[in-house]
Amino acid sequence: MSLSIKKAKRINALPPYLFAEIDRRKREASARGVDLIDLGIGDPDIPTPAPIVEKLIECASKPANHRYPSSSGMPEFREAAAHWYRRRFNVPLDPGKEVVSLIGSKEGIGNMAVAFVDPGDIVLVASPCYPVYHIGTAFNGGKNYFLPLKKENQFLPDLDSIPVDVAKQAKLLWINYPNNPTAAVADRAFFQRVIDFANQNNVIVCHDAAYTEMGYDGYRPISFLELEGAKQVGIEFHSLSKTFNMTGWRIGMAVGNADLVAGLAQAKSNLDSGIFQAVQEAGIEALKLGDKIVEPSRRIYQERRNILVDGLRAVGLECEKPRATFYVWVTAPKGMSSAEFTAKLLDEAGVVTTPGNGFGAAGEGYVRFTVCVDKERLKEVAERIRQVKI
Ligand SMILES: *Cc1c(COP(=O)(O)O)cnc(C)c1O
């Protein structure tokens with residue numbers, strides 16, 4: 001006798017894994033000995049700055065750090081996060097009530113739905129997007145209503161396009177600027193519009209701010225919380241992952257409205273046991289050093305962005321020069337779908353990218369490139385594409 005094992009309905013209802021085909025082609029190409037240039041993943045190749053690593057090493061040996069941490073974060077970490085928000089955005093935060101630590105912002109984004117989405121609730125999701133926003137809704141029985149991000153609207157969602165009954169029933173709105181995957185940025189006027197919409201319709205605003213520190217040519221992306229009234233309606237997710245090249249460390253925070261922070265903390269405390277304290281101490285060091293250690297990677301990404309964008313344009317591809325993030329959102333050549341263009345780049349140029357529709361239907365017609373490889377390799381990308389007939 002063996003068990004009849006059935007996955008939960010929520011797992012079976014997951015959308016098909018759009019990257020499976022790319023993964024298969026990648027393996028085939030590697031097996032053929034193709035030297036792949038992987039611009040598929042959004043994961044910094046630059047190591048975590050040394051002072052952060054040293055702090056971890058120092059703090060890893062303290063026995064006090066070997067015990068369960070608090071799920072919401074050490075008071076010192078929350079204070080460091082609040083100070084950093086004050087310094088960077090001039091946003092005051094009460095570290096006791098308006099900050100909660102996260103085991104990477106992905107964890108908090110997923111748990112936000114555990115805390116606030118009931119079966120049948122509508123969640124508005126600007127899309128193409130980081131998938132966790134809508135997966136969180138789906139896992140908790142909610143209904144996603146996607147707001148397509150279109151080029152003619154600078155990849156900002158058109159809140160006026162939402163039917164009145166949908167807006168009235170909506171519980172949460174997910175937005176993300178600077179944006180993954182489109183690399184679009186938002187200004188104060190857009191965030192003000194979001195606050196007005198939230199107040200008119202009693203909608204909780206969830207802003208994913210993972211890329212505020214990756215701004216170029218002197219541009220400093222803003223926090224949603226900089227706007228008056230934002231804290232009454234919203235919560236912002238931040239992460240040390242992209243800012244300090246710490247994706248493997250799993251540390252981030254959610255900040256903003258005290259009731260939203262408390263609700264998220266309550267959901268979390270029932271599911272996780274916080275971040276290893278030595279990692280939190282290293283995170284405090286990162287936040288204290290701030291721009292001093294971010295600036296060198298920003299310069300590297302900016303130079304790489306220039307090389308990639310100039311190279312792609314020189315071979316006739318259409319893309320904006322992003323003001324932030326480490327993504328370049330490239331229009332697929334006429335007559336080609338996202339999948340076809342991605343497959344051609346991989347099979348014929350050995351360049352791995354991500355099809356835009358993998359982030360949502362509105363991403364069809366685009367392909368996402370990252371700049372997470374060194375500049376010599378990036379120069380080669382355009383050269384290789386030039387050799388391929390597109
Ligand atoms: C990378 C990324 C995250 C996840 O960051 P972690 O803090 O490492 O979990 C969240 N949102 C967006 C848009 C991202 O690109």
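Where is the place of Gln-154? Gln-154 sits in the loop that runs between strand 4 (143-148) and helix 7 (164-169). I shall return to that residue shortly. Good morning, colleagues. The structure before you is a predicted model, and I propose to go from the whole chain to one sheet, and then to several individual residues.

Let me begin with the overall picture. The protein contains 15 helices and 13 strands. Its C-alpha atoms occupy a box of roughly 65 × 60 × 55 Å along the principal axes. How does the radius of gyration of the protein agree with that of a compact globule? For 390 residues, a compact globule would have a value near 21 Å, and the protein has 21 Å, so the two agree.

The interior and the surface come next. Of the 390 residues, 55% are buried. Among contacts with a separation of 6 or more, 73% are between residues 24 or more positions apart. The accessible surface comes to about 17300 Å², and carbon and sulfur atoms hold 53% of that surface. As for charge, the protein carries 48 positive and 46 negative charges, and the mean positions of these two sets lie 2 Å apart.

I turn now to one sheet. Four strands form an open sheet in the order 9-10-13-12, and the pairing is antiparallel. Which strands are at the edges? Strand 9 (318-319) and strand 12 (354-355) hold those places, each pairing on one side only.

Within this sheet, I would draw your attention to strand 10, residues 327-331. On one side, strand 10 is joined to strand 9 by two bridges in the antiparallel sense. There, Glu-318 is placed opposite Thr-331 of strand 10. Strand 10 also runs antiparallel to strand 13 (residues 366-370), and five bridges join that pair. In that pairing, Val-330 faces Val-367 of strand 13.

Is strand 10 mostly covered or mostly uncovered? It is mostly covered, with five of its five residues buried. The side chains of Tyr-327, Trp-329 and Thr-331 point one way, while Val-328 and Val-330 point the other way, and all of them are buried. Thr-331 and Val-330 thus appear on opposite faces of the strand.

From the sheet I move to two buried loop residues. The first topic is Asp-272. Asp-272 belongs to the loop between helix 11 (258-269) and helix 12 (277-289). Why does Asp-272 count as buried? The reason is its relative accessible area of 13%, since buried means under 20%. Beyond residues up to four places away in sequence, Asp-272 touches Ser-71, Ile-103, Glu-107 and Asn-111. Its C-alpha atom and that of Ala-362, 90 residues apart along the chain, are separated by 34 Å.

The next topic is Tyr-219, in the loop between strand 6 (204-208) and helix 9 (230-233). Tyr-219 has a relative accessible area of 16% and is therefore buried. Which residues are in contact with Tyr-219, leaving aside its neighbours within four places in sequence? They are Val-185, Ala-186, Arg-323 and Ala-324. The C-alpha atoms of Tyr-219 and Ala-324 are 7.9 Å apart, although 105 residues separate the two along the chain.

I close with backbone geometry. Most residues other than glycine have a negative phi, and most peptide bonds are trans. Against that background, let me list some exceptions.

The peptide bond from Ser-127 to Pro-128 is cis, with omega near 15 degrees. Pro-128 lies in the loop between strand 3 (122-127) and helix 6 (132-139). Another cis peptide bond links Asn-180 to Pro-181, with omega at about 15 degrees. The loop that holds Pro-181 connects strand 5 (170-176) and helix 8 (188-201).

As promised, I come back to Gln-154. Its phi is positive, near 55 degrees, in a residue other than glycine. Asn-245 likewise has a positive phi, of about 55 degrees, and is not a glycine. Asn-245 is located in the loop between helix 10 (240-243) and strand 8 (252-256).

Are these two residues buried or exposed? Gln-154 counts as exposed because its relative accessibility is 53%, whereas Asn-245 counts as buried because its relative accessibility is 6%. Thank you for your attention.

Conventions: Residues numbered from 1 in each chain as written. Predicted model: local features only at pLDDT ≥ 70, side-chain atom pairs only at ≥ 80, totals over all residues. Heavy atoms only, no water. Rg over C-alpha atoms; globule rule 2.2 N^0.38 Å. Buried < 20%, exposed > 50% of the residue type's maximum accessible area, 1.4 Å probe, protein only. Contact = heavy atoms within 4.5 Å. Areas by Shrake-Rupley, 256 points an atom, 1.4 Å probe, with all protein chains shown as cover. Lys, Arg positive; Asp, Glu negative; His and termini not counted. Charge placed at Lys NZ, Arg CZ, Asp CG, Glu CD. Pairing = 2+ DSSP bridges.
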